[in-house]
Structure formats: C-alpha cells, structure tokens
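Thank you all for making time this morning. I would like to walk through one model with you, taking a few backbone details, then some helix packing, and finally the empty space inside.

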Amino acid sequence: MASPSPPFFSIHSPNSLPLPLLFLPGSFSTPKDHDFQILLHPCFQSHVFLPPQQWSSQPSQSIYKCVEGPSQGRLEEEEEDREEGTELPIHFCPMELRGPEPLGSTPGLPVLIPWAEAGRRAAPYLVLMALLIFTGAFLLGYVAFRGSCQACGDSVLVVSEDDNSEWGPDSRQGVLYWSDLLAMFLRLLGKGRLEDTIRQTSLRDRAAGSAGMAALAQDVLTTLSQHRLDHVWTDTHYVGLQFPDLEHPNILHWVDEAGKRGEPLPLEDPEVYCPYSATGNVTGSLVYAHYGRPEDLRQLRARGVEPAGHLLLVRAGGTSFAQKVASAQDSGARGVLIYPDPADFSRDPHKPSLSTHRAVYGHVHLGTGDPYTPGFPSFNQTQFPPVASSGLPSIPAQPISADIAGLLLGKLKGPEAPQEWQGDLASFPYRLGPGPGVYLEVNNHRASTPIRNIFGCIEGVAEPDHYVVIGAQRDAWGPGAAKSAVGTAILLELARTFSSMVSKGFQPRRSLLFISWDGGDFGSVGSTEWLEGYLSILHLKAVAYVSLDNAVLGDDKFQAKTSPLLINLIENILKQVESPNHSGQTLFEQVMPVNSSWDAEVIQPLSMDSSAYSFTAFAGVPAVEFSFLEDDQAYPFLHTKEDTYENLHQMLRGRLPAVAQAVAQLVGLLLIRLSHDHLLPLDFGRYGDVVLRHMGTLNEFSGDLKARGLTLQWVYSARGDYMRAAEKLRKEIYSSEESDERLTRMYNVRIMRVEFYFLSQYVSPADFPFRHIFLGRGDHTLDALLDHLRLLRPDGAGFQESRFRRQLALLTWTLQGAANALGGDVWNIDNNF
C-alpha cells in the first residue's frame with residue numbers, strides 16, 4: 001500500500017506560491033492584536049499535536065499520523081519501542097497563511113494565527129538590524145585590535161609594580177601598550193644619577209689622546225658591560241690631530257710703520273689655539289669683519305673696505321670657526337683673529353659671565369673626521385698616501401681674549417661699523433679699519449693619536465639588522481661640562497634604563513646602539529671615522545642617529561637640528577614630555593606661544609659642527625641633535641676652561657638636573673618609537689615640502705633663464721614625481737595588513753633609505769664627501785644652484801651657462817632617482833619624466 005502523504009503547511013501571500021514551512025511547536029509566540037488564519041491540509045484538519053513539554057525523548061512514545069484513504073479523518077495511535085536518544089521525526093506539511101476573510105463570507109475551517117503577517121513584515125528589519133549590529137561589532141573589534149599599542153608592533157610582557165621583579169619568556173601575561181612603555185621608562189629612568197655623573201665627568205682631564213681620556217674610556221667600557229647589554233666593544237683609530245707647541249707658543253705682535261715687530265700682545269693662555277690652522281707667520285693691517293660670515297664680508301666691501309691683504313678681527317658666534325676662516329680665505333685675507341664679545345652673552349647680573357681674559361677654543365677644518373685621510377677610515381694611516389682635506393685652511397687663525405681684542409679695536413681707523421656690529425668692549429664706537437699692522441705666528445704641530453670609540457648594543461627581536469644609533473662625545477678641551485659631560489651622563493643613563501626595560505620584558509623590534517665618541521672637539525673625528533669605516537653597510541642598516549652633544553646650554557628655549565624626516569615624530573614626542581621650567585606644560589606647549597608655527601621656531605638645519613651632520617650629509621642617515629638654550633644669548637663658557645659644572649649649574653639657576661632629565665625623557669621616548677614601532681615613523685614626504693619652499697626663489701629667475709633659452713622645468717617635474725611616489729607609498733601602507741611581516745619589512749626598508757636617496761650618485765665621495773643635495777657642500781647642491789642663479793643679476797656677468805646646466809642635471813637626477821627609489825620596483829614606477 002502506498003504510504004500516506006506527509007502533512008504540510010503552505011504559506012500564501014497575495015503574490016506568491018505556497019511555500020513549505022517547517023513547523024516546530026513551541027517556537028512562536030502568538031500576539032493577540034493580530035488576526036491571521038492558518039488553513040490546514042485535509043489530512044491534518046483533525047490532528048492533535050503533541051504538546052511541547054512532552055517532546056523529550058522517551059523509550060516509548062505515541063506517534064500521531066495522518067491516515068489517508070478510507071480512514072481519512074481518523075487518528076491511528078501506534079506504540080513504538082524506541083531506543084533512548086532517538087529523535088522524534090519531524091514532518092513537513094503544506095500550510096497556507098491568509099489574511100482575515102471578508103465580512104459575510106462563509107466561514108471554513110481555518111484556525112486564526114495573528115502573529116504570522118507581523119513576522120513577515122518585520123523580517124527584513126530584523127535582518128537589517130542584525131547585520132548592522134554584527135558590522136558595528138566587527139569594526140569596533142578590528143579598530144581596537146589595530147589601534148592597540150600603535151607604537152608597539154610586537155607583544156611584550158606585562159611587568160609588575162616591583163622594580164626588581166623579572167619575567168621570563170614563558171610568563172607572558174598581556175601586552176604593553178604605549179602608555180605602559182612610557183610608564184615603565186619614566187619609572188626606571190634615574191633622577192639622581194645624571195647630576196652626579198655630570199659633576200664627576202667634568203672634573204676629569206679627558207682631552208683626546210691624553211692619559212685621562214684612556215682612564216675614562218675604560219670606566220665607560222666597564223659601566224656599559226655591567227648593564228647586561230647584548231654586545232659591548234671598542235674601536236680604535238689612529239688619527240692626525242693638531243696640538244699647540246708649548247715650547248714654541250703662538251705669538252701676536254704690533255708692527256710699526258716701517259714693518260718691524262713691536263711690542264707683543266700677550267696671549268694669556270698658550271694652550272688656547274685653533275686646531276688645523278695653517279702654521280707659519282703673516283703680517284698685515286687689521287680689519288674688523290663682525291662674525292666673518294659671507295654676508296658680513298659683502299657688507300664690508302659695500303662700505304669701501306676690502307678684506308683682501310689684511311688680517312681679519314671677527315667675533316665668536318654666528319657661525320663655526322671653520323666657516324669664518326674659510327670665508328676669510330676666499331676673500332683674500334691673510335689671517336684671522338677670533339674673540340668673544342661680551343655683547344653676545346647674557347647681561348643678567350645674576351648669571352655668570354665669561355672672564356674677559358679668556359679666549360675660546362675651536363677647530364678650523366671645514367669638514368669632519370681626520371683631515372689627513374679624507375674619505376678613508378683611519379684604522380692605519382700607513383695604508384694611504386699622504387693627502388690633505390680640501391677643508392684645511394691655508395691661512396693661520398688664532399683665538400684671542402676680549403681684553404686683547406679691545407686693544408686692537410681701539411687702534412682701528414676708517415668708517416664706523418654699522419650699529420648691529422657694535423659690541424661692549426669699549427666706550428668708543430667700533431670702526432672697520434684698516435688699522436695698525438700686526439704680526440701673527442702659529443706654531444701648532446700635528447701628531448698621530450689613537451682615539452677610542454666605545455659601543456654597547458641591545459639586539460632587536462624582529463629587525464636586529466636595523467640599528468637606531470645614539471651617541472655622545474666623551475672628550476673635551478677643558479672641563480667640558482656642557483660640551484660633553486652632560487651628553488655622556490645621559491648616554492650612560494639611557495643605556496642602563498633600556499637594559500632594565502629589556503630585563504622586565506621590553507622587546508625592541510630594532511637594535512639599539514649606544515656609542516661614546518672620542519675626538520669630537522677636533523671635528524667629530526671619532527664618529528666620522530667610524531662612518532667611513534662601515535659606510536658600505538651603515539647606509540643599509542642605520543635607521544636614525546640621535547646626538548646628545550650640546551644638549552644643555554640653557555633652559556629658556558628648545559631647539560632641534562634635524563633631518564626633515566624626523567620633524568613629525570619630534571612634534572609628537574614634544575607633546576608627551578613635561579617642560580622642565582613651566583609647570584603643568586608640555587615642551588610643545590612651551591614652544592607654541594613663541595610662534596604659531598612651532599617648527600619655524602624649533603627646527604633648524606643640521607650644521608657641520610654637529611656630529612649628527614656627518615650621519616646625514618655624508619652617510620645618508622636621518623639624524624637629530626637636541627639643545628636647550630638661553631633666550632637669544634649664547635652659553636658663554638662653551639669651548640673654554642670655564643665650562644665647569646659650577647658655572648653650568650649657576651647659569652641654569654639650579655635647574656640642571658630637571659633640564660637634563662627632560663632631555664633624557666625626550667630622547668628615550670624617541671628611541672622607543674624608532675626602535676619599536678611596527679612601521680618606521682619617518683615622514684618620507686617631507687622632502688617634497690623642502691623643495692617647494694625653494695620654488696619661490698627659483699621662480700624669481702625664471703624670466704632671466706627664459707631669455708637665455710634655459711628652464712627649471714626639469715626640477716619641478718622631478719619634485720612632482722617624488723610627491724606622487726610618496727603619496728602612492730602612503731596609500732599602499734594604509735591599505736596593507738600590519739600583521740604581514742614580510743610586507744612591513746619591505747616598507748621599512750624603503751622608508752629608512754629615503755635619506756640615502758638624496759646623496760648624489762654623480763659626484764665622487766673622495767672629492768665631495770658631503771653629497772647630500774640639500775645639506776651637503778658642492779656644486780651638486782640646491783644651495784649652490786641658488787647662489788649661481790643670483791649671479792644673473794644685476795647684469796649676469798658671473799653667470800656660466802655650462803655650469804648651470806651641469807648643476808641642474810646633478811640636482812634634477814638625484815631628486816628623480818629618489819622618486820624612482822621611493823616608488824618601489826621598476827615595474828611599479830609611473831612617471832612622465
């Protein structure tokens with residue numbers, strides 16, 4: 001016999017066909033305010049449903065079936081023995097859902113179900129609401145995951161409040177967010193150690209090559225070894241340094257009208273000299289040239305005084321000693337005397353001032369490193385033929401005191417100096433000269449001297465072959481409290497602090513290198529020789545360099561000499577460090593009231609007298625040097641024998657510990673970001689803005705160039721290609737998945753080499769060691785191009801078209817090469833150059 005048809009329900013809408021419905025008893029509620037009808041199939045009209053509470057599985061159950069044929073309309077009850085756990089069969093029945101019947105219609109058999117139509121109408125809204133809730137929850141969870149520890153790409157261990165507790169690799173209990181790392185760093189950074197180290201270091205004799213320096217170097221090496229760093233080692237270089245000949249000291253004499261030497265002008269301290277000055281003697285009349293800058297010499301000529309053939313008397317400050325002497329040499333001067341003018345220092349009676357019988361020390365090599373092995377590391381000088389740097393001067397230079405300068409100024413004739421050139425040495429006005437004749441004799445001698453750099457390393461976890469470098473000069477001529485004792489103290493304290501953080505779970509993504517440099521007072525000799533020795537790998541591995549030299553020269557204002565790539569990161573860090581002398585303010589809030597554009601006040605270009613300069617201009621590594629300064633006045637004791645701990649402490653009115661602590665905090669947070677951010681926080685698009693700032697000056701000469709059939713269009717096109725490449729890389733990074741380590745490393749490599757891209761590949765490092773087109777020196781630089789364009793006016797007599805074309809090609813193709821390198825693989829480069 002054929003099996004009976006299974007009972008079913010069908011749902012009918014006005015425009016739809018019957019749909020089968022799985023009916024599960026007890027799974028619906030029945031609102032009373034709706035009127036619906038359910039029509040049952042004839043086989044189901046008299047069926048009785050099993051109550052829901054009796055649907056549990058039992059050994060024996062009654063199954064109610066629909067009986068077709070003659071027995072239709074009758075229920076047949078069966079007893080079936082079932083094993084425990086067997087599920088009750090579920091039937092599908094046709095079911096029709098209709099609205100209420102019209103009035104007057106013949107009532108049939110329908111059973112009223114008022115909730116069905118409401119469910120049908122509400123279903124789309126319920127589905128939409130469920131989707132919205134799911135999407136919102138998903139996005140919230142994703143943002144929380146991506147946003148957690150933005151500055152910390154990798155997980156690190158949660159530390160306890162006990163400073164002495166340590167976590168092993170298996171005791172992972174959570175993730176350290178940026179706030180956790182900040183709190184850990186500030187808690188572990190010592191407060192009392194900095195001041196004690198500054199005081200003790202400033203009391204030690206530590207001139208480069210001295211026995212005192214050898215003893216200090218050993219102490220620093222021992223200290224770093226005690227910090228449980230991953231690696232500690234030293235590097236020794238044999239460099240050519242110049243020292244005064246105490247048996248034949250340098251001398252200065254008056255010269256009478258007959259040209260014979262007269263009375264001596266006593267140089268109070270025979271140990272004060274200018275390293276790398278030309279030796280020998282010169283005679284000439286004296287001319288006052290303010291700071292000895294190129295613009296000062298131009299103004300001197302405009303007033304009818306020619307510097308050529310004379311000795312120049314210039315003030316310390318405004319520019320480096322080396323640049324003063326180089327400018328004097330270019331102008332045809334025979335020699336240079338450099339003195340400190342009291343007008344350049346603070347007149348606050350509550351602050352100490354430099355004694356008028358003190359002269360200021362400073363080297364005059366227009367460059368960095370050992371000038372007798374330019375471009376090569378001085379591991380062993382015998383490997384190279386004798387050669388000298390082009391930055392060595394050919395004229396002698398000597399520092400003198402303000403007392404001696406006052407005697408010389410009193411004898412000058414000629415026109416009166418401009419008002420802004422006047423100083424505080426005498427009651428009479430300064431004159432330009434020429435004045436009486438003087439005789440200068442310089443007897444410095446060169447000596448091959450061993451210098452020793454000391455290194456400590458914390459290896460990174462994910463990118464150990466990428467280095468974040470922090471360094472400080474260790475040597476000093478004189479006490480050197482501000483010059484190098486502060487930087488050495490901060491360096492050692494940061495090494496100790498980061499070592500403690502690692503022992504408590506901090507895992508830097510990249511390696512940290514802590515370096516104590518030797519030979520800094522002779523022109524960053526130690527750092528430059530190290531760069532020259534390892535240049536082939538450092539431009540591929542060094543992420544950034546942070547210099548601690550000259551960190552505390554006051555407390556009134558803050559300054560950062562830096563590569564443009566680090567400006568945005570510096571701004572972010574300044575907002576998280578408290579001001580040392582404005583309670584309740586951050587450093588960023590301290591500098592903002594001075595200028596609405598904070599970077600115009602704070603950010604300065606890297607200068608050659610900074611160890612950070614060689615890292616960027618020579619090696620192509622972004623670098624920064626931070627300094628706290630006096631407001632509009634120079635620190636008077638720098639490079640003198642009065643640069644003592646007591647004078648520095650008094651100059652800062654007792655705030656030396658607080659200011660040094662602020663520098664340590666600032667640098668420490670910068671190191672955390674650079675070493676631990678998943679993606680390097682370098683603003684690779686910033687150099688496009690640097691070019692844009694010069695566009696206005698370049699456009700001034702577009703008419704003059706057009707008249708000669710020349711154009712600057714290629715520079716503009718290269719700059720546009722660079723900006724497009726930078727924007728394309730930003731979009732790629734934004735749309736990428738941060739957890740993709742291979743992709744992240746690829747992006748980091750492209751970002752960290754941006755600075756290197758701006759080293760001109762078209763000039764020789766031996767001839768032009770500073771190949772950076774924005775910060776370097778030479779015809780390949782943007783500044784050289786601008787200086788040449790200025791020769792177009794008034795009559796263009798000095799302008800050379802062939803030289804201009806070469807300069808334009810060097811600049812343009814270096815900038816275009818940077819754009820191509822930033823663009824990534826060659827098949828992804830898209831430009832119309």
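**Backbone details, helix packing and cavities**

Pro 794 is placed in the loop between helix H22 (782–789) and helix H23 (801–823), and I start there because of the bond that leads into that residue, keeping in mind throughout that this is a predicted model. The peptide bond that joins Arg 793 and Pro 794 is cis, with an omega of about 5°. Another cis peptide bond runs from Gly 433 to Pro 434, where omega is near 0°, and Pro 434 belongs to the loop between helix H7 (402–409) and strand E16 (437–442). While we are on loops, please also look at Ser 524, which is not a glycine and yet has a positive phi of about 50°; this serine sits in the loop between strand E19 (510–517) and helix H9 (525–533).

Let me turn to helix packing, with H8 as our point of reference. Helix H2 (residues 178–188) packs with helix H8 (residues 481–503) at an angle of about 130°, the axes being 9 Å apart, and that angle makes H2 oblique to H8. The crossing of these two, H2 and H8, is right-handed. On the H2 side the contact is made by Leu 181, Met 184, Phe 185 and Leu 188, which meet residues of H8 including Glu 493, Arg 496 and Phe 498. Sorted by class, this contact of H2 with H8 has seven nonpolar, two polar and two charged residues.

How does H8 pack with helix H16 (residues 656–676), and at what angle? The angle is about 50°, with the axes of H8 and H16 10 Å apart, which makes H8 oblique to H16, and their crossing is right-handed. From H8, Ile 490, Leu 494, Phe 498 and Met 501 meet a set of H16 residues, among them Val 663, Val 667 and Leu 671. The contact of H8 with H16 divides into 10 nonpolar residues, one polar and no charged. Leu 494, Phe 498 and Met 501 of H8 also appear in the contact with H2.

Finally, the empty space: how many cavities of 30 Å³ or more does a search of the whole structure find? There are three cavities at that cut-off, and the largest cavity holds about 60 Å³ of space. Its lining includes Leu 267, Asp 269, His 357, Arg 358 and Pro 399, and the lining residues of this largest cavity comprise five nonpolar, three polar and three charged.

Key:
Residues are numbered from 1 along each chain as its sequence is written. This is a predicted model: local features need pLDDT of at least 70, side-chain atom pairs count only at pLDDT 80 or more; totals for chains, interfaces and linings use all residues. Side-chain values use heavy atoms; hydrogens and water are left out. Axes are lines fitted to C-alpha atoms, for helices over the stretch in contact, and angles run from 0 to 180 degrees between N-to-C directions. Helices (H or I, at least four residues) and strands (E, at least two) are DSSP runs, numbered from the N terminus. Angles under 35 degrees count as roughly parallel, over 145 as roughly antiparallel, 65 to 115 as roughly perpendicular and the rest as oblique. A crossing is left-handed if the near helix is turned anticlockwise from the far one by less than a right angle, and right-handed if clockwise. Contact means heavy atoms within 4.5 Å. Ala, Val, Leu, Ile, Met, Phe, Trp, Tyr, Cys and Pro count as nonpolar, Asp, Glu, Lys and Arg as charged, and the others, Gly among them, as polar. On a 1 Å grid over the protein atoms alone, a cavity is a set of points where a 1.4 Å probe fits but cannot get out, and a pocket is an open set with protein on both sides within 12 Å along at least five of seven lines; lining residues have an atom within 4 Å of a point. Grid points are joined across faces, edges and corners, and a volume is the space filled by probe spheres set on the points.
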